[in-house]
Amino acid sequence: MNWLIVMNKLLLAKSAVAGTFMPVQATEISKQVDNLYGFLVVVSFVSCAILIGGMIYFAVKYKRKTQNDKTAYITHDTRLEVLWSVIPLIVFLLVFAWGWIIYHDMRTMPTNALEIQVTGKQWAWSVDYKNGVKASEVVVPVNRDVKLILASDDVIHSFYVPSFRIKQDAVPGRYTALWFRAEKLGEFHVFCTEYCGTSHSRMLTKLRVVSQADFDKWLTEESDVSGLPLAQRGAKIFQTRACASCHSVDSPVVKVGPSLKARWGTPLNVEDGTTGVFDENYVRESVMLPQQKIAKGFPKPSPMPSFQGQLSEAEMIALIEYIKGLN
Amino acid sequence: MGHVSTGKSYINEEPGLKSWFTSLDHKRIAILYFVAVMTFFLIGGIMALLLRLELFSPNTAGSVMEHIPNFLRKAGDTPADLYNQVMTYHGAMMVFMVIVPGIPAIFGNFFLPLQIGAKDVAFPRLNLLSWYVFMAGAALAVSTFFFSKIDTGWTFYTPYSIRSGTSVVMMVVAAFIMGMSSILTGLNFIVTVHKLRAPGMTMWRMPLFCWAIYSTAIIQVLATPILAITLLLLAMERTFGVGIFDPKLGGDPVLFQHFFWFYSHPAVYIMILPAMGIISELITTYSKKTIFGYTAIAYSSIGIAAVSFFVWGHHLFVSGQSEVAGIVFSFLTMLVGVPTAIKMFNWLATLYKGSIEFRAPLLYALGFLFLFAIGGMTGVILAVTAVDVHFHDTYFVVAHFHYVMVGGTLMAIMGGLFHWFPKIFGKMHSETGAIMSWVFIFIGFNVTFFPQFILGAKGMPRRYFDYIPEYEQLNKISTVGSWLIATGFIIALITVIKGLTSGAKAPKNPWGSKTLEWHAESPPIMHNFEQDPIVTAGPYEYK
């Protein structure tokens, strides 16, 4: 692949320019993608310059002078036509092949990678590590191959990290995967890029790249939640289950579902006209069977997923303790 | 519609509104389509302005959607839901009710018979039926507005479209019905081209617009049934739970994407091929020169139509489709680039040594070349697998297809409108008005959509109601651009209305064009020509 290396070197200057229009390059693949993109931008610029420049030049040069202008009668020119069919074809095949090489790297999963399970759900990502740690953001060690195994609980989502130039759909009913090797420490945006309903544009999370030592420390700390007070454990569950993407806790602002700020113990108006009190049993029922008692003024059917079978009794109690504390 | 002082024409031969709705004349049916499509374009355009207004700033300061009147919204819809609905209707209406029927049903209907020297299309009654079927589908689509609307995006991806609590079935049935109309129109045009050419009008003497409409008709007839069955399966999945697409019932949601794009990618060429046909007409007329590479352009239309059936998988590079499939589709997509490049260079070569007159239609044609060059090259960028992984479903894609479909198709529609206006209505429009509309639309278009390429490269996903602060500036520029485009279309509307009410009588052939329609009266009589034309030469004999 000598020509590839030469081409890459030639394009370094160009891709630096492209860099200001692209997110930071945090992986080796992102640099390769940017080099190819830089080349494509140059090619596009040249072809547009020929077409648009030629068009403007001819339009000005051959502007109509009198109504009786005679024009040349040129029907075709085989040599020219072959030329402008074959040259684009060669360029297209070149970029096709170049893209193929990088795409192949993207799609070939490394062996011995750190595997992390990532599940999409309307509208949050939940991240599972092998030791049982559950998180709502992805934390990975720097300079290590990481493989994300993607799944979805409901509709199709897509896991996209612009700084890594990678993206993969999470499809319900099957597993898909992507891999990366982060070279830069820091926090990177993760977007959902497959339209998934109301809060599609808020299905954001962070991908945090830390040193191996910090990663090990984080993993142990996270798995060691049993010593925490009940309300703090609840707060963690509230965060990792992404309850916060629909329910605000620090203000009465409605995101998707009702705000939980100062809600505890207040009277309750159910959509079917019945009333009640916002208490332990109501919270439990709403988490397990969200369609049962939808609060007045909120969408029916409720977009909230059921957590039946997903939360243990101990977790439920911790969650309720946390919501009590929001008063 | 006004009246013509001397002689009869298709406009005044039969009086009364009823005669319009029962007319079998291809020209009158074209006008029916024109009024309907432009109305939908207006609605879809207002929605586009709403979307851009929402994206003017991040959502922290409140949402524009809160101002949507109550009778148009369902209780409990959040601003984000309303945005998603507006986004869906903008896409669905612009695709199924404006761009797909646009050129074939309006200009194709009006000028295909005229350009080949025929009295009408092959099946006039079927032609009228097509309009009624189209209107029935469109009415059903618009009526979902007043029910629970739809929020699936125009692509109806499963399983979201199975779970969404909105009128998906109604909308899908509407698209199915409009598809039926598209098939009937396509069939009519194919038979018309084969059976009704005037004596001496061989296939290779047909104007390139006819070739484009012909190629389009083939795609319409072959591809639309696939969309129809796909949408029907989706409706069945929602109503009966047959388990084809729903993973909960053992179905495969990605299968829907394959089916959908197997139609919808060729449909992209249903949208652009007729536009290319118009461009050939405009460039030859306003440079007073024969087309360069007639056969190459005609064959490349057919070539694009053929290859377009085998590229759908480039919409699925990150869907979980196999690597091999990705590579094959990337390769085949590159092949579509070649006939497209051929056309671009042929138009450029046609300008060479011409006598170029700067009228509005020519400006629209040059605008088309400009925007389509950018749209086409960014299409090549997106066809490169590794690069598409980054750009897929970002604003880069949004910018790309607007450059191709709006920059391409809409520029051609506007160019065609001002080119054929005297022929269709028998009145002259204001040249200044037409040129001013071009200035605003062309500049506004670039201001709106060019920043979206950069937004996409920076990673902003499409179909986002809200975005992170670093995308704000480019979104602001884009929104300002949308106001310029709107201004351009308002100017165009005023120009058309003024032309209709107070335009001078149009001569037979105001632009010195050579194709057959310019031998008919302006506006043409009921059966097009006083005497059946006999053709002895090609369409662009500017000697």
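# Reading sheets, interfaces and backbone exceptions in a predicted model

User: Which strands make up the open sheet of 5 strands in chain A, and in what order do they stand?

Analyst: This is a predicted model, and in its chain A the open sheet has the strand order S3-S2-S1-S5-S8, with mixed pairing. The edge strands, each of which pairs on one side only, are S3 (134-135) and S8 (176-181) of chain A.

User: How should I read the pairing of S2 and S3 of chain A?

Analyst: In general, the strands of a sheet pair through backbone hydrogen bonds, and they do so either parallel or antiparallel. Here strand S2 (residues 124-128) of chain A and S3(A) pair in the antiparallel sense, over 2 bridges. To find a bridge by eye, start from A:Val127, whose bridge partner in S3(A) is A:Ala135.

User: Into which domains is chain A divided?

Analyst: The assignment divides chain A into domain 1 (2-52 + 78-107), domain 2 (114-223) and domain 3 (230-324). The C-alpha centres of domain 2 and domain 3 of chain A lie 25 Å apart, and the contact takes 11 residues from domain 2 of chain A and 12 residues from domain 3 of chain A.

User: What area is buried between domain 2 and domain 3 of chain A, and which three residues of domain 2 supply more of it than any other three?

Analyst: The size of an interface is often given as the accessible area lost when the parts come together. Between domain 2 of chain A and domain 3 of chain A that area is about 960 Å², with 57% given by carbon and sulfur atoms. On the side of domain 2, the residues A:Lys121, A:Trp123 and A:Lys134 supply 46% of the area buried against domain 3 of chain A, more than any other three residues.

User: How many salt bridges and polar contacts are counted between domain 2 and domain 3 of chain A?

Analyst: The count between domain 2 of chain A and domain 3 of chain A is 1 salt bridge, while the count of residue pairs in polar contact, both at pLDDT 80 or more, is 0. S2 and S3 of chain A each supply at least two residues of the side of domain 2 that touches domain 3 of chain A. By class, that side of domain 2 has 3 nonpolar, 5 polar and 3 charged residues. As for a salt bridge in chain A that you can locate by residue, the side chains of A:Lys236 and A:Glu222 meet in one, at 3.7 Å from N to O.

User: Turning to the two chains, how many residues does the contact take from chain A and from chain B, and what area is buried?

Analyst: The contact takes 84 residues from chain A and 95 residues from chain B, and the area buried between them is about 7800 Å², of which 67% comes from carbon and sulfur atoms. Between chain A and chain B the count is 28 residue pairs in polar contact, both at pLDDT 80 or more. Helix H2 (28-61), helix H3 (78-107), strand S7 (166-170) and strand S9 (186-192) of chain A each supply at least two residues of the side that touches chain B, and H3(A) gives the largest share of that side, 17 residues. The residues of this side of chain A divide into 44 nonpolar, 24 polar and 16 charged.

User: Where are salt bridges found across the interface of chain A and chain B?

Analyst: The structure holds 23 salt bridges over all chains, and across the interface of chain A and chain B the rule finds 3. One pairs the side chains of B:Glu357 and A:Arg64, at 2.9 Å from N to O. A:Arg202 also forms a salt bridge with B:Asp466, the closest N and O atoms being 3.4 Å apart. That pair crosses between chains, from the loop between S9 and strand S10 (205-210) of chain A to the loop between helix H14 (431-457) and helix H15 (472-502) of chain B.

User: Which peptide bonds are cis, and where does a residue other than glycine have a positive phi?

Analyst: Most residues other than glycine have a negative phi, and most peptide bonds are trans. A cis peptide bond joins A:Gln122 and A:Trp123, with omega about -5°, and A:Trp123 lies in the loop between strand S1 (114-121) and S2 of chain A. In chain B, the peptide bond from B:Thr158 to B:Pro159 is cis, with omega near -5°, and B:Pro159 lies in the loop between helix H4 (124-143) and helix H5 (160-163) of chain B. A:Ala242, although not a glycine, has a positive phi of about 60°, and its place is in the loop between helix H5 (230-240) and strand S11 (267-269) of chain A.

Conventions: Residues numbered from 1 in each chain as written. Chains lettered and ligands numbered in written order. Predicted model: local features only at pLDDT ≥ 70, side-chain atom pairs only at ≥ 80, totals over all residues. Heavy atoms only, no water. Contact = heavy atoms within 4.5 Å. Buried area = accessible area lost by both parts, 1.4 Å probe. Salt bridge = Lys/Arg side-chain N within 4 Å of Asp/Glu carboxyl O. Polar contact = N/O pair within 3.5 Å; in protein donor to acceptor, adjacent residues only side chain to side chain. Helix = DSSP H or I, 4+ residues; strand = E, 2+ residues; numbered from the N terminus. Nonpolar A, V, L, I, M, F, W, Y, C, P; charged D, E, K, R; others polar. Pairing = 2+ DSSP bridges. Domains from an automatic or database assignment.
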